[in-house]
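Grab your viewer and work through a few short exercises. Each one has a task, then a solution in steps.

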Amino acid sequence: MSLGQLLIDRELVTEAQVEQASRRLRVAGGSLAESLMALDFVSRELLDGVLEEPPLAPKTVDDLGLEEQFLLNYILRLLYVTGVETVPETAEYSKLPGQIVLELFEQIQKRRMLEVLGPSKLHPSILRYSLSDLGRERAMESMLQCGYTGPVPVRLAEYRIQVAKQALAHERSTPADLRESFSDLVLPGELLDNLGPAINSGKAVLLYGGAGNGKTSVAEGIGRSFRQDVYLPHAIEVDGQIIRFYDPAVHQPVEEEESGEASLLRAEQEVDARWVRCRRPIIMTGGELTIEMLDLSFDEIAKFYEAPAHIKATGGVFIIDDFGRQRCGTMELLNRWILPLERRIDYMTLHTGMKLELPFDQMVVFSTNFPPRELMDDAALRRINYKVHVAPPTKEDFAEIYRRVVQAHGLTPFPDVLTYLMEDFYPRTGLAPAGFHPKFIVEHVVARCHFESVPPRLTKDRVEEAVQNLVVEDGSTFTPMVKGISSSG
């Protein structure tokens with residue numbers, strides 16, 4: 001469901017108003033929300049109230065919108081695999097309200113697949129349950145069809161609604177916000193000026209330039225620039241199939257005390273525990289990327305799906321680092337994403353043959369040290385809305401990077417080190433100063449001092465020894481010199 005349809009269903013706008021806002025959107029750009037407000041069809045306060053609303057907990061089994069047999073089989077598997085015996089324990093595993101779990105228990109009990117064992121010894125008011133022989137038989141049959149026992153999935157329609165409400169395009173960053181997000185990096189002011197519009201658009205961006213000048217750090221800084229939290233589902237149900245979504249390895253939950261104003265809402269309305277409140281995700285892939293990794297992964301044994309990494313990045317940033325070195329062809333990857341980058345929808349296929357549409361609401365960041373035209377044609381470049389050149393540091397920026405690195409290591413920044421680098425080493429070798437050089441040099445000096453069991457100390461001799469690791473035997477450098485690249489916005 002789109003944001004427009006959600007507002008229509010809430011009777012906040014009409015279909016005619018959404019159509020008029022959509023026509024404006026196609027000309028003016030931005031987001032549908034911005035067009036609706038620009039046309040005075042909806043106020044900022046009213047719209048924010050809808051967009052900031054969390055997914056609310058279901059009150060009845062019918063509110064789940066899932067097939068009865070699907071739910072009963074799930075509960076049977078859960079009891080069989082985990083050995084839980086009470087309603088509260090089952091509610092904790094399933095992330096369902098206790099009243100709904102009790103209702104499901106009663107339905108299973110009527111089918112003679114669940115037996116009451118008696119009150120709990122620790123909590124006499126809580127009954128203990130156990131699967132009957134018939135229940136265990138049905139649970140084992142269900143395991144052959146699907147072994148999923150995680151939290152109960154949300155319907156695909158609910159997932160689409162939540163993604164529309166927390167879309168990247170609804171968040172706005174100011175120059176002050178970006179300066180704070182990138183405060184740990186030394187960057188030229190014009191770079192942030194170029195990044196700002198790209199970040200606010202939420203559309204794809206290409207970071208390009210010589211190796212070692214901070215493109216990866218800039219890409220991660222883009223992710224940090226988004227401040228709003230998002231709700232991510234543990235799993236999604238599609239036509240009886242389950243797609244596991246939430247991944248603790250890449251998603252960062254927000255603790256209750258960090259939730260701010262949202263905690264006030266929780267006091268009034270119960271949030272659906274099948275969703276996890278998280279920071280906007282930042283997921284990075286690199287040379288290991290294959291085209292198959294962009295599709296649903298079906299576990300032949302457990303009989304459920306795992307969402308691909310770029311889908312897990314929904315609502316956040318998906319970084320393709322070292323673009324051009326991945327295991328799939330560059331144009332193959334871009335061709336795979338022609339429609340998703342334009343229409344914000346990705347198409348997946350279940351092993352049953354069913355095709356489904358998943359929201360493609362993530363900012364894709366391509367980071368490369370190859371000249372862009374060596375990687376893609378004009379058609380592909382057109383679909384990457386922003387191209388930002390990350391240039392080598394100026395002499396002043398290099399000195400600031402050097403100062404910060406030396407300070408972080410608790411060393412004394414001898415001035416003759418910079419003089420040697422700028423007036424001797426770089427002119428003599430033809431090597432261009434790069435942003436990673438100060439850290440590289442200082443770490444080599446510290447490692448040498450530790451090896452010799454002497455206190456770490458920066459000297460010209462130590463630095464001369466360290467920089468030899470920046471060149472190879474024939475005198476050439478291992479840092480590619482990228483020439484003839486101009487910045488484009």
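**Exercise 1: Asn-73**

Keep in mind that this is a predicted model. Asn-73 sits in helix H6, which covers residues 68-82. Your task: decide whether Asn-73 is buried or exposed, and find which residues Asn-73 touches beyond four places away in sequence.

- Step 1. Get the relative accessibility of Asn-73, which comes out at 19%.
- Step 2. Hold that against the cut-off: buried means under 20%. Asn-73 therefore counts as buried, at 19%.
- Step 3. Skip residues up to four places away in sequence, and list what is left: Asn-73 touches Arg-138 and Ser-142.

**Exercise 2: two loop residues with positive phi**

Work out where Glu-11 lies, where Asp-40 is found, and what phi is in Glu-11 and in Asp-40.

- Step 1. Place Glu-11: the loop between helix H1 (3-9) and helix H2 (15-28) holds this residue.
- Step 2. Read off its backbone: phi of Glu-11 is near 60°, so we have a positive value in a residue that isn't glycine.- Step 3. Check the cover on Glu-11: its relative accessible area is 71%, and because exposed means over 50%, Glu-11 is exposed.
- Step 4. Turn to Asp-40, which you'll find in the loop between helix H3 (32-38) and helix H4 (44-51).
- Step 5. Phi of Asp-40 is near 60°, a positive value, and Asp-40 is not a glycine.
- Step 6. With 67% relative accessibility, Asp-40 counts as exposed.

**Exercise 3: a nonpolar patch**

Which residues form a nonpolar patch on the surface, and what is their accessible area together?

- Step 1. Pick out the members: Tyr-80, Val-81 and Met-140 form the patch.
- Step 2. Take their accessible area together, and you get about 270 Å².
- Step 3. Look at one of them, Tyr-80, in helix H6. Its relative accessibility is 37%, so Tyr-80 counts as partly exposed.

**Exercise 4: Pro-97 and its contacts**

Find where Pro-97 sits, and say how far apart Pro-97 and Ala-57 are in sequence and in space.

- Step 1. Locate Pro-97 in the loop between helix H7 (87-94) and helix H8 (98-110).
- Step 2. Check its cover: a relative accessible area of 15% means Pro-97 is buried.
- Step 3. Leave out residues up to four places away in sequence; Pro-97 then touches Ala-57 and Pro-58.
- Step 4. Take the C-alpha to C-alpha distance from Pro-97 to Ala-57: 7.5 Å in space, with the two 40 residues apart in sequence.

How values were computed
Residues numbered from 1 in each chain as written. Predicted model: local features only at pLDDT ≥ 70, side-chain atom pairs only at ≥ 80, totals over all residues. Heavy atoms only, no water. Helix = DSSP H or I, 4+ residues; strand = E, 2+ residues; numbered from the N terminus. Buried < 20%, exposed > 50% of the residue type's maximum accessible area, 1.4 Å probe, protein only. Contact = heavy atoms within 4.5 Å. Patch = residues over 30% accessible without salt bridge, like charges linked within 9 Å, V, L, I, M, F, W, Y side chains within 5 Å. Areas by Shrake-Rupley, 256 points an atom, 1.4 Å probe, with all protein chains shown as cover. Salt bridge = Lys/Arg side-chain N within 4 Å of Asp/Glu carboxyl O.
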